[in-house]
Each structure stands twice: as C-alpha cells, then as structure tokens.
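Morning, everyone. I'd like to walk you through one model today. Please have a look at it on the screen first.

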Amino acid sequence: MAIPPPRSGGGGRKPRVPPLPPARTLLTALAAVVTLAVLCLLSSSSPAASLSGYRRSVAGRGDKYLYWGGRVDCPGKHCDSCAGLGHQESSLRCALEEALFLGRIFVMPSRICLSSVHNAKGVLQSNATSTRRWEESSCAMESLYDIDLISRTVPVILDNSETWHDIVSRTTFQKGSVAYVQGISRAELKANPLYSTALVINRTASPLAWFMECKDRKNRSSVMLSYTFLPSMPARKLRDAANKLLSVTFVVGCDATLNSVPLFQMKEILGDYDAIHVRRGDLLKNRKDRFGVERSLHPHLDRDTRPEFIKKRIAKWIPPGRTLFIASNERTPGFFSPLSDRYRLAYSSNFSSILGPVIENNYQLFMVERLMMQGAKTFVKTMREFDSDLTLCDDPKKNTKVWQKPVYTDD
C-alpha cells in the first residue's frame with residue numbers, strides 16, 4: 001500500500017525538499033525542550049521517577065517508519081522491467097541499511113518481481129532443455145525471506161500488513177506526519193528535525209536503482225549490513241529443504257544423457273562436499289561489430305566455464321574423488337559430464353523429490369542452492385566479488401561496457 005502523494009497546488013510538481021531550519025528556530029526549539037524538561041522535573045517526586053516517566057512517554061509515542069516504495073527499484077527505470085535476484089537484493093540491503101542507521105522500521109514491499117530471464121522452468125529435471133517459464137511474474141516476499149529473522153537485525157513490516165494500512169490511513173489526515181525526501185543523505189535525515197521527527201520518511205530513491213543510494217559501499221567502514229546478510233535470511237521452508245539435502249542419501253548418474261550407462265548408488269552423506277557456481281546463460285551475450293566480428297562483455301567467460309577449463313582451474317583447490325555440487329543456469333543436458341571422470345557430481349535435479357514440492361520459481365531454487373554453496377568445504381564462484389574469492393573466470397563481474405573479442409584458447 002503506497003503513501004498518497006503530498007497535496008500541492010502546483011499541478012503535480014515534485015515536492016520541494018525543505019531546508020535545514022535557521023539557527024534562531026533551532027535555538028527556540030531547544031529552549032522549549034529545556035523548559036519542558038525542567039517543568040517535568042519539578043512536577044515529579046524524584047529524579048528516578050521523572051526518568052522512568054520519560055522513557056514510558058517515549059515508548060508510548062510509537063515507532064517511526066521508512067518507506068522507499070511498493071516495489072524494489074520503483075519508482076525508476078525498473079518499474080517496467082525486472083532485475084535479477086542479486087540486483088534486487090543489493091537494493092533491498094541498501095534500504096535496510098538506511099532504516100538501521102535511522103533507527104526506523106523498514107516498510108518492505110510485500111512482493112518481489114521475477115525476471116523471466118532468470119526464471120526458466122525445468123531446472124529440477126536432469127535432462128531439461130525447456131525454455132518454458134514459470135507463470136508467475138512475482139512472488140510474495142515472505143516466500144523468499146524470513147521476515148521475522150530479518151527483523152532481529154532490522155525491524156521490518158510488509159506494505160500489505162494491517163499495521164501499515166493503519167499508518168497510511170492516519171498520515172492522510174495528519175499534517176507533517178510524512179516527510180517526502182529525494183536526494184538527501186541519510187546523515188541529514190537523522191540530524192534534521194524536519195525529517196527525524198516525522199512518523200514516516202517516504203524516500204524517492206535513485207531512478208537507476210535503489211542501491212545507488214549506497215554509493216560509498218566500497219568504503220568498508222560505511223557498510224552496516226554485509227553482502228551475505230540477505231542470502232543468510234531465506235524463508236524457513238527453503239532452509240528446511242537445504243538442511244534435508246545436507247543429510248540424505250541420493251542417487252547420482254554418470255551422465256543423464258548416456259542411457260547405456262546405468263545409474264549407480266552413492267550411499268554417502270552430502271555433509272562433506274565442494275561446490276562451484278557456473279553462471280553462463282544470461283552473461284554469454286555476444287554481438288557483432290560493424291565489421292562482423294563477434295564481441296563480448298566477458299571475453300573469457302564462455303571458455304572458462306566449459307568443463308575442460310573448469311577441470312584445470314579447480315584442480316589446485318579441489319582434489320580428485322571429491323563430491324562436487326554444481327549450481328548453474330546452463331541448460332545443455334550433460335554439459336558438465338566430462339567432470340565426472342574426476343569428481344562425483346551432484347545437482348539440484350538429484351533432489352527433485354525434496355525440492356519439487358517446495359520450489360515455485362527459480363529465485364527460490366537459487367536461495368536453496370546458495371545455502372548449499374555456503375555449506376561447501378571449498379566454494380568456487382564464477383567471477384570475483386571479493387579479493388579472497390576463488391573463481392573460475394578472472395573477467396570483472398561488473399559490466400565494463402567494453403566489447404572485446406571472445407577468447408577460447410589458453411592465454
């Protein structure tokens with residue numbers, strides 16, 4: 001439920017951002033507060049009693065809220081499109097950080113959009129080549145994240161909750177109860193009483209993406225919530241599914257496409273395993289330049305995520321004979337089977353009997369796979385995010401917008 005826009009006679013003009021109050025106004029307000037405090041002290045029987053009464057009065061005023069919008073990255077350029085889960089998590093984490101900094105309850109969108117690019121159906125089938133998509137274009141936020149678990153760190157309510165509906169109905173009739181802000185730092189929101197005293201701060205974030213409000217995330221001292229915060233907060237049913245995968249006996253085939261090779265039993269607990277994340281499909285985007293030459297934003301990615309190169313790359317980190325869990329958006333049947341001569345391979349499709357009744361979209365599946373990868377003894381990512389990461393490819397993860405010739409041979 002969105003907050004009604006502020007009334008103005010300007011025919012839809014953007015609300016003016018109020019400046020900091022002049023020094024004289026601040027001094028007057030300060031004097032009033034001091035006078036009120038003295039009166040409270042004089043009217044009480046003891047200092048201890050007055051302090052206790054002050055705490056009770058503050059608690060009785062109710063909580064304050066931070067609202068960024070009814071959909072992640074909207075308003076903005078993503079209102080008519082949908083980003084992947086990682087992109088949306090970066091934006092959510094940025095909004096949660098601001099709520100934590102301001103000491104406010106964050107009003108989280110009750111639904112999250114599902115990008116069709118990242119939501120192909122049939123992932124849990126070992127021989128899936130289908131390009132069919134899950135029908136849903138969005139899912140409930142609670143189906144991905146444990147809201148109660150998040151609230152232990154940052155208090156959160158959903159925008160379809162009765163609490164939020166009640167607040168919106170109240171603020172409609174209370175002048176000054178909502179501060180509409182845009183382009184204002186979180187430090188000023190905390191220091192300026194024009195904002196800090198408002199019941200609700202309604203931020204219009206960057207139209208590029210919400211996470212643009214956290215431009216200084218490279219400054220480690222400014223990071224309040226780590227990159228792993230939301231990945232460690234999946235919904236209870238997804239955590240339960242991952243826990244089952246870590247303690248079941250499963251069947252692994254030598255190659256799902258080789259019907260002449262029988263499946264064999266691996267009666268082994270998946271409690272000691274390694275994992276690799278191989279991101280291919282959506283990142284393998286080539287285009288031809290004006291001379292007809294193929295170009296790619298990640299020139300080494302296609303090469304480095306092929307089995308023969310994966311085998312050479314991970315040999316120094318993962319010894320032969322280990323169980324290797326592979327999470328990938330590659331849909332070619334048997335694509336990774338050349339690795340089976342050195343490792344015992346496991347995929348999500350090996351656990352379809354457990355995941356099938358639980359998984360409703362690929363975002364949920366990736367949440368489970370991410371827990372699996374976090375639990376691995378050695379985990380190798382596709383591309384580097386942090387200096388300590390083990391990776392398959394040395395190309396930068398961030399889009400450099402430099403189109404280069406793809407490389408398929410050893411450098």
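I'll start with the whole chain, then take the two sheets and finish with some helix packing.

A word of caution before anything else: this is a predicted model. Every number I give is computed from it.

The chain overall. The protein chain holds twelve helices and 16 strands. It has 411 residues, and buried ones make up 42% of them. Now contacts. Take those between residues at least 6 apart in sequence: 72% of them join residues at least 24 apart.

On to the first sheet. It is open, and five strands form it. Read the order as β5-β2-β1-β7-β6, with parallel pairing. β5 and β6, residues 178–181, are the edge strands, and each pairs on one side only. Ignoring direction, neighbouring strands here are turned against each other by 25 degrees on average.

Let's zoom in on β2. How are the faces of strand β2 covered? Both are covered. Ile105 and Val107 sit on one side, Phe106 and Met108 on the other, and all are buried. That fits a general rule: side chains in a regular strand alternate between the two faces of the sheet.

Next, the partners of β2. β1, residues 65–67, pairs with β2 in the parallel sense over three bridges. Tyr65 stands opposite Ile105 in β2. Leu66 has Phe106 as its bridge partner. Then there is β5, residues 156–158. β2 and β5 also pair in the parallel sense, over three bridges. Here Phe106 stands opposite Val156. For reference, strands of a sheet pair through backbone hydrogen bonds.

How does the chain connect β1 to β2? Look at α3, residues 85–102. Together, β1, α3 and β2 make a right-handed β-α-β unit. α3 lies across β1, β2, β5 and β7, residues 200–203. Its direction is at about 155 degrees to β2. A second helix to find here is α5, residues 162–171. α5 lies across β1, β2, β5, β6 and β7. It runs at about 90 degrees to β1.

Now the second sheet. This one is an open sheet of five strands as well, in the order β14-β13-β10-β15-β16. The pairing is parallel. β14 and β16, residues 390–391, stand at the edges with a single partner strand each, so each has one side left without a neighbour in the sheet. Helix α10, residues 307–314, packs on this sheet. It touches β10, β13, β15 and β16, and its direction makes about 135 degrees with that of β10.

Which residues of β13 are buried, and which way do they point? Thr323, Phe325 and Ala327 point one way, Leu324, Ile326 and Ser328 the other, and all are buried. That is six of six residues in β13, which spans 323–328.

And the pairing of β13. With β10, residues 274–278, it pairs in the parallel sense over five bridges. One of the matches is Val278 with Ser328 in β13. With β14, residues 344–346, β13 pairs in the parallel sense over three bridges. There, Leu324 has Leu345 as its bridge partner.

Last part: helices. Start with α8, residues 236–245. Its buried residues are Leu238, Ala241, Ala242 and Leu245. Why do they line one face of the helix? Look down the axis of α8: the buried residues fall within an arc of 100 degrees, so they line one face. What covers them includes α11, residues 352–355, and α12, residues 362–374.

α12 also brings us back to α3. How do α3 and α12 cross? Their axes come within 11 Å and cross at roughly 80 degrees. α3 and α12 are therefore roughly perpendicular to each other. From α3, the contact uses Leu85, Gln88 and Glu89. From α12, it uses Tyr363, Phe366, Met367 and Arg370.

To recap, keep α3 and α12 in view. α3 belongs to the β-α-β unit with β1 and β2. α12 is among the elements covering the buried residues of α8. That's my tour; over to you.

Key: Residues are numbered from 1 along each chain as its sequence is written. This is a predicted model: local features need pLDDT of at least 70, side-chain atom pairs count only at pLDDT 80 or more; totals for chains, interfaces and linings use all residues. Side-chain values use heavy atoms; hydrogens and water are left out. Buried means under 20% relative accessible area, exposed over 50%, partly exposed in between (1.4 Å probe, protein chains only). Helices (H or I, at least four residues) and strands (E, at least two) are DSSP runs, numbered from the N terminus. The arc is that of the directions from the helix axis to the C-beta atoms. Contact means heavy atoms within 4.5 Å. Two strands pair if DSSP finds at least two bridges between them. A crossover is right-handed if, with the strands pointing away from the viewer, the path from the first strand over the helix to the second runs clockwise. Axes are lines fitted to C-alpha atoms, for helices over the stretch in contact, and angles run from 0 to 180 degrees between N-to-C directions. Angles under 35 degrees count as roughly parallel, over 145 as roughly antiparallel, 65 to 115 as roughly perpendicular and the rest as oblique.
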